[in-house]
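Hello,

Here is the structure I promised to pass on to you. Have a look at it first, and then read on for what turned up.

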Amino acid sequence: MKAFPFSALARDRNEVFPELDVADVLLERRDAENVWLVRDERYQAARAALLTLARSMTIVARSNRALAEEALAEDLPWLIWLPEHERPQCVRELLAHLLAGADTGELLPYARARRSWTSTALAWSDPEIARDLANPFDGSGGQSVDGAE
């Protein structure tokens, strides 16, 4: 991977595009998200590999949920903070988003689901919050009827 300021693309594209023959190019922008330039052949190879891995992992999860959870836990060690009864749902959801994303090329839903589950796991990791989560909710959002806590 080679990085260039975004302006290099407009200023001297003959410096930027030849780099694509050997690596992906990151165009760094100060006022917005960075942009990746990737040759289609490399993008399609990565997408095909991701799709194969996602489908394989989904098959494993269907036939051996514990093994799938163990495999994901290698990459997502925060799964340990989720209550045991929530881990299978997390694994199913993440695998479903991963498979759909690998198939369509749209991985943002997977990234959002992963962030959401990470946040949930972090909440469960705090004993005080976990105690609140384990108790029934009264629907008041922590507020008494008169607005005082």
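**Leu50 and its contacts**

Leu50 touches Leu98, Ala102 and Leu107, not counting residues up to four places away in sequence. Before going further, please keep in mind that this is a predicted model. Leu50 is found in helix 3, and with a relative accessibility of 25% it counts as partly exposed. If you would like a sense of scale, the C-alpha atoms of Leu50 and Pro83 are 29 Å apart, with these positions 33 residues apart along the chain.

**Helix 3 and what covers it**

Helix 3 is made of 24 residues, and its first and last C-alpha atoms are 35 Å apart, close to the 34 Å expected at 1.5 Å a residue. Which of the residues of helix 3 are buried? They are Leu51, Ala54, Met57, Thr58 and Ala61. Helix 4 and helix 5 are among what covers them.

Two of these residues are worth a visit in your viewer. Met57 has a relative accessibility of 17%, so it counts as buried. Leaving aside neighbours within four places in sequence, Met57 is in contact with Ala68, Ala71, Leu72 and Leu95. The C-alpha atoms of Met57 and Leu98 are separated by 9.6 Å, although the two residues are 41 apart along the chain. Thr58, also in helix 3, is buried as well, at a relative accessible area of 14%. With its neighbours within four places in sequence left aside, Thr58 is in contact with Leu95 and Leu99.

**How helix 3 meets helix 4**

Two packed helices are described by the angle between their axes and the distance between the axes. For helix 3 (residues 40-63) and helix 4 (residues 65-75), the axes come within 5 Å and cross at roughly 135°. That angle makes helix 3 oblique to helix 4. On the helix 3 side, the contact is made by Met57, Val60, Ala61 and Ser63, and helix 4 brings Arg65, Leu67, Ala68, Ala71 and Leu72. Sorted by character, the residues of this contact are seven nonpolar, one polar and one charged.

Ala73 also has its place in helix 4. It counts as partly exposed, because its relative accessibility is 30%. The C-alpha atoms of Ala73 and Arg87 are 9.9 Å apart, and the two residues are 14 apart along the chain.

**Helix 5**

How well does the span of helix 5 agree with what its 18 residues should give at 1.5 Å a residue? The expected span is 26 Å and the end C-alpha atoms are 26 Å apart, so the two agree. The buried residues of helix 5 are Arg87, Pro88, Cys90, Val91, Leu94, Leu95, Leu98, Gly101 and Ala102. They pack against helix 3, helix 4 and helix 6. Just after helix 5 comes Gly105, which takes a positive phi of about 85°.

**The nonpolar cores**

The largest nonpolar core has 22 residues, and those touching the most other members are Leu72, Trp78, Leu79, Leu82, Cys90 and Leu94. Helix 3, helix 4, helix 5 and helix 6 (108-125) are the elements that give two or more residues to this core. Helix 5 supplies the largest share, six residues. Trp78 is a good place to zoom in: not counting residues up to four places away in sequence, Trp78 touches Cys90, Leu94, Arg114, Trp117, Thr118 and Ala121. Apart from this core lies another, of seven residues, including Phe4, Ala8, Leu20 and Leu27.

**A loop residue to finish**

One last stop is Asn34, in the loop between strand 2 (25-28) and strand 3 (35-37). Its relative accessibility is 39%, so Asn34 counts as partly exposed. What does Asn34 touch, not counting residues up to four places away in sequence? The list is Leu26, Leu27, Glu28 and Arg29. The C-alpha atoms of Asn34 and Pro5 are separated by 9.3 Å, and these residues are 29 apart along the chain.

Happy browsing, and best wishes!

Note on methods. Residues numbered from 1 in each chain as written. Predicted model: local features only at pLDDT ≥ 70, side-chain atom pairs only at ≥ 80, totals over all residues. Heavy atoms only, no water. Axes fitted to C-alpha atoms, helices over the stretch in contact; angles between N-to-C directions. Helix = DSSP H or I, 4+ residues; strand = E, 2+ residues; numbered from the N terminus. Parallel < 35°, antiparallel > 145°, perpendicular 65-115°, else oblique. Contact = heavy atoms within 4.5 Å. Nonpolar A, V, L, I, M, F, W, Y, C, P; charged D, E, K, R; others polar. Expected span 1.5 Å × (residues − 1). Buried < 20%, exposed > 50% of the residue type's maximum accessible area, 1.4 Å probe, protein only. Core = buried A, V, L, I, M, F, W, Y, C linked by side-chain atoms within 4.5 Å.
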